[in-house]
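Subject: Structure handover

Hello,

I am passing a structure on to you, shown just below. Please look it over before reading the notes that come after.

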Amino acid sequence: MADRTLALERAVDLLACMAHPVRLAVLTRLHREGPANVGTLCEELDVEQSALSHHLRHLRKARLVVGERDGKRVTYRLQDEHVGCIVEDTLQHAAELEGEP
């Protein structure tokens with residue numbers, strides 16, 4: 001029972017981290033188009049660099065994304081394919097709910 005409770009708590013933490021529009025947009029972008037640096041993400045998502053860095057810190061802490069440094073640049077990618085599947089399934093389900101009362 002304790003293992004199941006711990007797993008549920010971890011799942012809640014992951015979903016809570018993803019439940020922000022900027023963070024979900026970052027995860028969606030990385031899943032659909034691949035790795036990107038902060039400058040690219042700022043431009044494409046129309047988010048200030050300081051705000052994006054804050055959200056990326058949360059995503060890294062939750063182990064949803066990984067940053068790989070190359071000199072002064074950091075390129076971000078999804079931690080693994082499971083993250084992309086969660087994002088796509090969530091977006092698909094939300095789209096299906098649009099037509100419901």
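The notes below cover a helix, the sheet and a pocket.

This is a predicted model, in which local features need pLDDT of at least 70, side-chain atom pairs count only at pLDDT 80 or more, and totals for chains, interfaces and linings use all residues. Residues are numbered from 1 along each chain as its sequence is written, and side-chain values use heavy atoms, leaving out hydrogens and water.

Helices (H or I, at least four residues) and strands (E, at least two) are DSSP runs, numbered from the N terminus. Helix H2 covers residues 21-33, and its 13 residues should span 18 Å at 1.5 Å a residue (the expected span is 1.5 Å times one less than the number of residues). Its end C-alpha atoms are 18 Å apart, which agrees. Buried residues (under 20% relative accessible area, 1.4 Å probe, protein chains only) in H2 include Val22, Val26 and Leu30. Gly34 follows H2 and has a positive phi, near 95 degrees.

Three strands make an open antiparallel sheet in the order S1-S3-S2, where pairing takes at least two DSSP bridges between two strands. S1 (36-37) and S2 (65-70) are the edge strands, each pairing on one side only. Two bridges join S1 to S3 (residues 73-78) in the antiparallel sense, and Ala36 stands opposite Tyr76 in S3.

In the lining of the largest pocket (an open set of points on a 1 Å grid over the protein atoms alone, where a 1.4 Å probe fits, with protein on both sides within 12 Å along at least five of seven lines; lining residues have an atom within 4 Å of a point), H1 gives the most, with four residues. Helices H1 (2-18) and H5 (81-97) each supply at least two residues of that lining.

Regards

How values were computed. Buried means under 20% relative accessible area, exposed over 50%, partly exposed in between (1.4 Å probe, protein chains only).
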